[in-house]
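Please take me through this model in the viewer, one selection after another. At each stop, tell me what to select and what is there.

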Amino acid sequence: MFTGIAGLAPAAARAAEALPFSTSASLDSTATLLEYTIDLGTLPPRPAIVVEVTPDGAHAAMQLELRIGDWDGTPGSPGACPGPSNFCSTSTATGGVCSASSSGAASTLAYRLWGCDPRPGAFAGGEATVSISALGFGGSKPPANVEIVIRGETQVPTSTLLEQVDTTPEQQSVSLSASKDTVLYADVTTASNGAGAFLWAGQEVAQGGIPPLVFTTRSPRNSLIAFDVADAVPPVALIDDVDLHLDVTGLVGGGGAFSILRTAGSALGTWSEGSANAAGTEFEGAVSPTPAADWSYRTRPDLAWSTPGGDVTGPVLSSATINTVGPRVFSTPNLIAAIQDMVTTGDDDDGFLLRGPGTAFSSVSTAIQIASSENPVGVAGTPPSLVVLYTPAVPWLEGNVFSGVVSFIGEGEDFRWIYDLDHDDIFETDIGGVCEALAPEFIIHVPYTYTWTGTPGYTGVDCCTWQIDSPQTGTVGTGQALFFHNLDAGNPANLPPDSDGDAIRDNCDNCITVPNGPAQGSCIVGTLLGAPCHADAECGPGGDCSLGQEDSDGDFEGDACDLPEPGVGVGLAAGLAALSGLARRSRTCSRSRSGRLSKRQTV
């Protein structure tokens, strides 16, 4: 280690210190500067650099300044790191240097790095300098002896999600634009029109040969169109009405019979829109780069239709004779039933097939041109839309817990909900599973669902708590989702209390009187059982600081509240250590709709 005094040799010659390490040193004047070069490669995942300086008892009132700066060789990483954008606990960051000054028996500085790159070993090869100096000696004379600890600390991932809930469901309406659409052409089986301005439903008739050997070819055009219904309407909804709006922008041969059918799905995948953009009226298609749907393929070149021209299922959903241009609205019981099935099952990827006039005996082309989703509004027609009127059977919320609310460490985070921690039986959630973090963005979207099953009109706050358990580091983080029923979620007065100040609200907390959350924890293993803590190292050798609502025995009371009263016996500490080594249990609800994993639950 190196203890530097102002005016001595430059710091370049000293070796970097592996973390954690501790030392004793002396500050004999305000000109004294203690400097240590630390090896950033020895930091843990999701790291903070923690510097703790404790002066001797005779200098309890002295003023200290701690600084972390002089970064060297720090590998590139997402975000600006290091720099003033990073978090310095009880301190300020200026120009890439984190500093803190304080007076009292101890001074502590924490510089949080994990927001830049949480991967293990992300800072290998990098170094930084920690400097310590005295701003004053508090009325006592120098020198002052100080104990110094510099260590890395893994940060606990956590946050709070607030959601507003109306527990009296009312009829609602949603208008959807098409998520994808294209045209399938029978005469050029590799052609499509996924990026075109028009859809076509009908048949092209062409004659060839030399009389009397004249032959006629009939080449249908079918269109595909889909809407993200399952993302917009909750699966507990009852579909009251459906209006499918299509704008007829042109006719060939006077138009004729038109029908809407449901496209049959495939367990192997859905159809692809593709990027082809046909010319002119787009009655003739363009060969599309793959992947794309065409007359032969659901997705060329890997997934063929069972029936060329598009697989369909069930009855005709709606039909009409179209012989004039202009907007048309389709609404039938069969169409409503199809949308109800899509909403309930979450299976809306394949949408509808549009079929137009044309028979084996047609002698002229007959077809209907319809504005597509790419058609500029007001230029050549109005794009398709689907208006769904529905009533939720029960209040339902869904969304994503995502990066910034929950932070993940690596490629295999175990994300679990603690189900109904407050035992009021008023919600269900079917989330659980494994989430993956993909470099370099580290953006995770974890879908969640919340269903209200209590008394309509209830006023209060419900809670669902999540845990994040890293198999790589053993770190457990906790967060909370608060659901405000007929209360303003933005009004602080409506927040439940936090009696122990651990950042987990009482209605979420499995140990209300003893801190065991992200803001403050308690030692559940080590020589300082029950002591407040922020890291395992503060609990003594082999210590365990409860920061994640741990509940090793699954009794819905946190380990921090399961500790024996002081004086019962140190021998119990060994038992607690063994208990903490067990797999931490989170109570989950795995109820899934229709016994399958819907796309709402896909991570």
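Start by selecting Tyr111, which is buried, with a relative accessible area of 0%. The model is a predicted one.

**Aromatic pairs**

Keep Tyr111 on screen and add Trp71. The ring centres of Trp71 and Tyr111 are 5.3 Å apart and the planes stand at 35 degrees, so this pair is tilted. Trp71 belongs to strand S4 (residues 63-72) and Tyr111 to strand S8 (residues 107-112), so the pair ties together parts that are 40 residues apart in sequence.

Now select Phe258 and Phe330. Their rings have centres 5.6 Å apart and planes at 40 degrees, so this pair is tilted. Phe258 is in strand S18 (residues 256-263) and Phe330 in strand S23 (residues 326-330), so the pair ties together parts that are 72 residues apart in sequence. Phe258 is buried at 2% relative accessible area, and Phe330 is buried at 4%. In total, the structure holds 6 aromatic pairs.

**Nonpolar cores**

Phe258 leads to the next selection. The largest nonpolar core has 44 residues, and Phe258 is among those with the most contacts inside it, together with Phe227, Val233, Ile239, Ile339, Phe352 and Leu354. Apart from this core lies another one, of 33 residues; to find it, select Leu40, Leu66, Ala122 and Ile132, which are among its members. In soluble globular proteins, nonpolar side chains tend to be buried together.

**Charges over rings**

Select Lys180 and Trp271. The charged end of Lys180 sits over the ring of Trp271, at 4.2 Å from the ring centre. Then select Arg221 and Phe283: Arg221 lies over the face of the Phe283 ring, 4.7 Å from its centre.

**Two strands to compare**

Go to strand S1 (residues 21-27) and show its side chains. Which of them are buried, and which are not? Phe21, Thr23, Ala25 and Leu27 point to one face and are buried, while Ser22, Ser24 and Ser26 point to the other and are not. In a regular strand the side chains alternate between the two faces of the sheet. Add strand S10 (residues 144-154), which pairs with S1 in the antiparallel sense over 7 bridges. To see one such bridge, select Ser22 and its partner in S10, Val149.

Next, select strand S25 (residues 366-371). How many of its 6 residues are buried? The count is 6 of 6. Thr366, Ile368 and Ile370 are on one side, and Ala367, Gln369 and Ala371 are on the other; both faces of S25 are covered. Strand S17 (residues 237-252) runs antiparallel to S25 and is joined to it by 4 bridges. Within this pairing, Val248 has Ile370 of S25 as its bridge partner.

From S25, move into the loop that leads to strand S26 (385-392), and select Pro383 there. Pro383 has 17% relative accessibility and counts as buried. Add Ser177: the two residues are 206 apart in sequence, yet their C-alpha atoms are 7.6 Å apart in space.

**A threonine in a loop**

Select Thr167, in the loop between strand S11 (160-165) and strand S12 (172-177). Is this loop residue buried or exposed? Thr167 is buried, with a relative accessible area of 1%. Its side chain makes a polar contact of 2.8 Å with the side chain of Asn486. A polar atom of the Thr167 side chain also lies 3.3 Å from the backbone nitrogen of Tyr458. To show the surroundings, add residues that Thr167 touches, including Pro395, Trp452, Thr455, Pro456, Gly457 and His485.

**A three-stranded sheet**

Select strand S34 (residues 521-525) with S35 and S36. These 3 strands form an open sheet in the order S35-S34-S36, with antiparallel pairing. Strand S35 (532-533) and strand S36 (544-546) are at the edges with a single partner strand each, so one side of each is left without a neighbour in the sheet. S34 and S36 are joined by 3 bridges. Zoom in on Cys523, which stands opposite Cys545 in S36.

**The whole chain**

Finish by showing the full chain, which has 3 helices and 36 strands. Of its 603 residues, 49% are buried. Among contacts with a separation of 6 or more, 74% are between residues 24 or more positions apart.

Notes. Residues numbered from 1 in each chain as written. Predicted model: local features only at pLDDT ≥ 70, side-chain atom pairs only at ≥ 80, totals over all residues. Heavy atoms only, no water. Core = buried A, V, L, I, M, F, W, Y, C linked by side-chain atoms within 4.5 Å. Buried < 20%, exposed > 50% of the residue type's maximum accessible area, 1.4 Å probe, protein only. Pairing = 2+ DSSP bridges. Polar contact = N/O pair within 3.5 Å; in protein donor to acceptor, adjacent residues only side chain to side chain. Contact = heavy atoms within 4.5 Å. Phe/Tyr/Trp six-rings, centres within 6.5 Å; stacked < 30°, edge-to-face > 60°. Lys NZ or Arg CZ within 6 Å of the ring centre and 35° of its normal. Lists of a residue's contacts leave out its neighbours within four places in sequence.
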